[in-house]
Amino acid sequence: MDPVENVQQLEQLLASLRSQFRQSLTNLYLTAGTLAQWGRLGRLYQFSAEGCLLLVREEAGFHRVYFLAASTQAIESAAAALEQLPPAPLVMDLVGPESKLAEVQACWQDFGFSPYRRFIRLWRPGLTEQVAGDDGIHVAAPSEAESICGLLHQEFDPYSEHLPDPDEVRRRAERAEVLFVKEADQLAALLIFERTGVTSNLRYWYVRPESRGQKLGSRLMRRYFAASEGAQRMILWVDDENVGAKDRYEHYGYRADGLTDRILVKQAP
Ligand SMILES: CC(C)(COP(=O)(O)OP(=O)(O)OC[C@H]1O[C@@H](n2cnc3c(N)ncnc32)[C@H](O)[C@@H]1OP(=O)(O)O)[C@@H](O)C(=O)NCCC(=O)NCCS
């Protein structure tokens, strides 16, 4: 595996592979500018072989693995290159309809990855009625990004939650997409969302344990709904085993849309 020196060349390689493979197996779904941003923020490694590109991003204490491959055979021939990385757990997401993930999952399991968590995507249509906001909810200022980011990294699982860095939280704050409640000068509850075109994506919803069941979560959701006016679809990912959260989302009209994220982990040797 080689460190990525030139992100533009990598983007060209990806575009060329995508056009070459008639059908590809991948977990590399990039929005514009993501690669450049990753390149700026930390180390990226790449490896390409016949029919397969592996891309690895160094995150805090582990490596996240992405692939674009023509077939499972191509993955099997390329996967050993991951052993050249500095030792750290390897984490990967396999995203798609459940029925389409089994073959590629089996292929990575042969290489030592194990199932870690399963997230499902929930969906609801945009709101048709107007929702009143809540004056007690604060919209975070960009200067508050660091402490908000700290809370997320303390409370959420880094392998499965794709935790943002302070820069990303700052950008969300600039777009008024970070909502919080303070109690006794402490962050008590938090909701972060991401509006892209007609889609509103609820990224994180959190209430400190001692403040749960007191409607803080409810107030944040109502403010979020008010802020999502005009969105045509509202989505989120939730751990399939997080029954408390799933029940609440269902209460707010969300339903599973059939998309799954299977998170696999290979521990460091
Ligand atoms: C999920 C979480 C944010 C909820 O916060 P909370 O303050 O306890 O939530 P609330 O008590 O305000 O409940 C929110 C809504 O769900 C409803 N609700 C509560 N328990 C419910 C249940 N078992 N089933 C269905 N609805 C329920 C409430 O009535 C409320 O609805 P309302 O707005 O119509 O009044 C909080 O439990 C938490 O931080 N959990 C850990 C992090 C997490 O799992 N986050 C979500 C996944 S990213």
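A residue is called buried here if 20 or more other C-beta atoms lie within 10 Å of its own, exposed if 12 or fewer do, and partly exposed in between, with C-beta atoms placed from the backbone. The model is predicted: local features need pLDDT of at least 70, side-chain atom pairs count only at pLDDT 80 or more, and totals for chains, interfaces and linings use all residues. Residues are numbered from 1 along each chain as its sequence is written.

Strands (E, at least two residues) and helices (H or I, at least four) are DSSP runs numbered from the N terminus. Strand β4 (residues 52-59) has six of its eight residues buried, so the rest of the structure largely encloses it. β4 pairs with two strands, where pairing requires that DSSP finds at least two bridges.

| Strand pair | Sense | Bridges | Bridge partners | Positive phi in the hairpin |
|---|---|---|---|---|
| β3 (residues 44-49) and β4 | antiparallel | six | Gln46 and Leu55 | Gly51, near 75° |
| β4 and β5 (residues 62-69) | antiparallel | eight | Glu58 and His63 | Gly61, near 85° |

The hairpin of β3 and β4 has two residues between the strands, and the hairpin of β4 and β5 has two as well.

An automatic or database domain assignment gives domain 1 (2-88) and domain 2 (127-231). Taken over C-alpha atoms, the centres of the two domains are 31 Å apart. A nonpolar core is a set of buried Ala, Val, Leu, Ile, Met, Phe, Trp, Tyr and Cys residues joined through C-beta atoms within 7 Å. The largest such core has 62 residues, and Leu54, Leu191, Leu220 and Tyr224 have the most contacts inside it. Helix α8 supplies the largest share of this core, six residues. Both domains give residues to the core, so it lies between them.

Contact means C-beta atoms, placed from the backbone, within 7 Å. Beyond four places in sequence, Leu191 touches Leu179, Tyr204, Trp205, Leu220 and Tyr224.

The ligand is surrounded by 18 residues, of which Arg212, Gly217, Ser218, Asp247 and His251 are the closest; a residue counts as near if its C-beta atom, placed from the backbone, lies within 6 Å. β11 (199-207), α8 (216-227) and α9 (243-251) each supply at least two residues of this shell. The most come from α9, with five.

Arg121 lies in strand β7 (residues 114-125). Arg121 has 17 C-beta neighbours inside 10 Å and therefore counts as partly exposed. Leaving aside neighbours within four places in sequence, Arg121 contacts Ile235, Trp237, Asp257 and Leu259.

Methods: Two residues are in contact if their C-beta atoms, placed from the backbone, lie within 7 Å.
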